[in-house]
Amino acid sequence: MARAYRDKGLGPMSQHFLLSAAARTLSLSSIFRMSDDEARDTFKRIRWSANGGDPFCPHCGCLTAYTLAETLPRWKCSGCRRKFSLTSGTLFHSRKLPVRDYLAIIALFVNGVKGTSALQISRDLNINPKSSFVLLHKLRESMGSQIHNPDEPELSGTVQVDGAYFGGHVKPENRKVDRKDRRLAEEQTGKRQVVIVAREIMGRTRPFVVSRESEAVPLIRQHVASGSNHPCRRIERLGALARVL
Ligand SMILES: [Zn+2]
């Protein structure tokens with residue numbers, strides 16, 4: 001049987017291509033200077049970054065694929081004989097935008113340090129807001145699926161853990177009779193959530209959304225190799241985590 005990507009001991013999705021260094025170093029200015037061929041080459045390099053940019057079958061993981069003589073690049077797997085394109089098996093499959101726009105969406109998404117809205121992307125790239133909304137959701141879902149992937153190795157080496165509380169507070173009218181102390185448990189809405197992020201230095205990142213920081217402790221234990229070093233940047237805000245890590 002032909003060599004398969006799984007045989008390299010990396011698992012079929014050892015790292016999602018959106019989380020690769022190749023995706024993180026995309027810049028908008030370089031993307032917009034690319035020709036169509038350069039944009040397709042860049043997408044190929046990012047998509048198959050785990051295999052040095054060489055296409056492998058998205059269906060069976062076989063590493064031997066033949067390039068088909070077609071206008072848009074397509075390949076045929078030597079293992080399962082199925083054909084695949086640049087976007088087959090990705091969230092961009094069957095979508096009608098140019099590859100350059102996909103690269104721009106990835107760049108805006110991974111470089112947007114405070115989040116990227118669908119409306120902003122639709123205005124920046126002049127695409128339908130519904131398309132950008134769907135693509136952004138798919139990007140988030142595919143990155144979230146990493147956490148639930150049983151083949152994914154634990155974080156190791158030096159791992160930094162940090163977190164922040166989001167949501168659950170609507171600014172009330174400031175009338176003294178209505179004032180509530182929202183620090184008290186009985187006055188909280190239950191909608192407030194903590195986003196905890198564990199990150200290897202210069203490596204992979206795992207986000208977790210939990211109701212309170214103590215609930216992240218078993219998740220951190222599950223996803224970070226024991227013996228890893230965890231310098232906790234804001235220990236005073238993450239008391240429960242700091243105690244166990
Ligand atoms: Zn195949």
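In the predicted model, strands S5 (residues 193-200) and S6 (residues 205-210) are paired in the antiparallel sense, with 6 bridges between them. Among the residues in register, Val 195 lies opposite Val 209 of S6, and Arg 199 has Thr 205 of S6 as its bridge partner. The two strands form a hairpin with 4 residues between them, and in this hairpin Met 202 adopts a positive phi near 55 degrees.

The S5-S6 pair belongs to an open sheet of 3 strands, ordered S4-S5-S6, with antiparallel pairing. Strand S4 (159-166) and strand S6 are the edge strands, each pairing on one side only. Within this sheet, neighbouring strands are turned against each other by 15 degrees on average, when direction is ignored. In general, side chains along a regular strand alternate between the two faces of the sheet.

A further open sheet, also antiparallel in its pairing, consists of 3 strands in the order S1-S2-S3. Its edges are occupied by strand S1 (65-68) and strand S3 (83-85); each has a single partner strand, so one side of each is left without a neighbour in the sheet. From one strand to the next, the twist averages 35 degrees. Strand S2 (residues 74-77) pairs with S3 in the antiparallel sense over 3 bridges. In this pairing, Lys 76 has Lys 83 of S3 as its bridge partner.

Helix H3 comprises 12 residues (residues 36-47). At 1.5 Å a residue, a helix of this length should span 16 Å, the expected span being 1.5 Å times one less than the number of residues. The end C-alpha atoms of H3 are 16 Å apart, which agrees with the expected value. The buried residues of H3 are Ala 39, Thr 42, Phe 43, Ile 46 and Arg 47, where a residue counts as buried if 20 or more other C-beta atoms lie within 10 Å of its own. Viewed down the axis of H3, these buried residues fall within an arc of 130 degrees, so they line one face of the helix. An α-helix has 3.6 residues a turn, so residues three or four places apart point the same way.

Note on methods:
Residues are numbered from 1 along each chain as its sequence is written. This is a predicted model: local features need pLDDT of at least 70, side-chain atom pairs count only at pLDDT 80 or more; totals for chains, interfaces and linings use all residues. A residue is buried if 20 or more other C-beta atoms lie within 10 Å of its own, exposed if 12 or fewer, and partly exposed in between; C-beta atoms are placed from the backbone. The arc is that of the directions from the helix axis to the C-beta atoms. Two strands pair if DSSP finds at least two bridges between them. Axes are lines fitted to C-alpha atoms, for helices over the stretch in contact, and angles run from 0 to 180 degrees between N-to-C directions.
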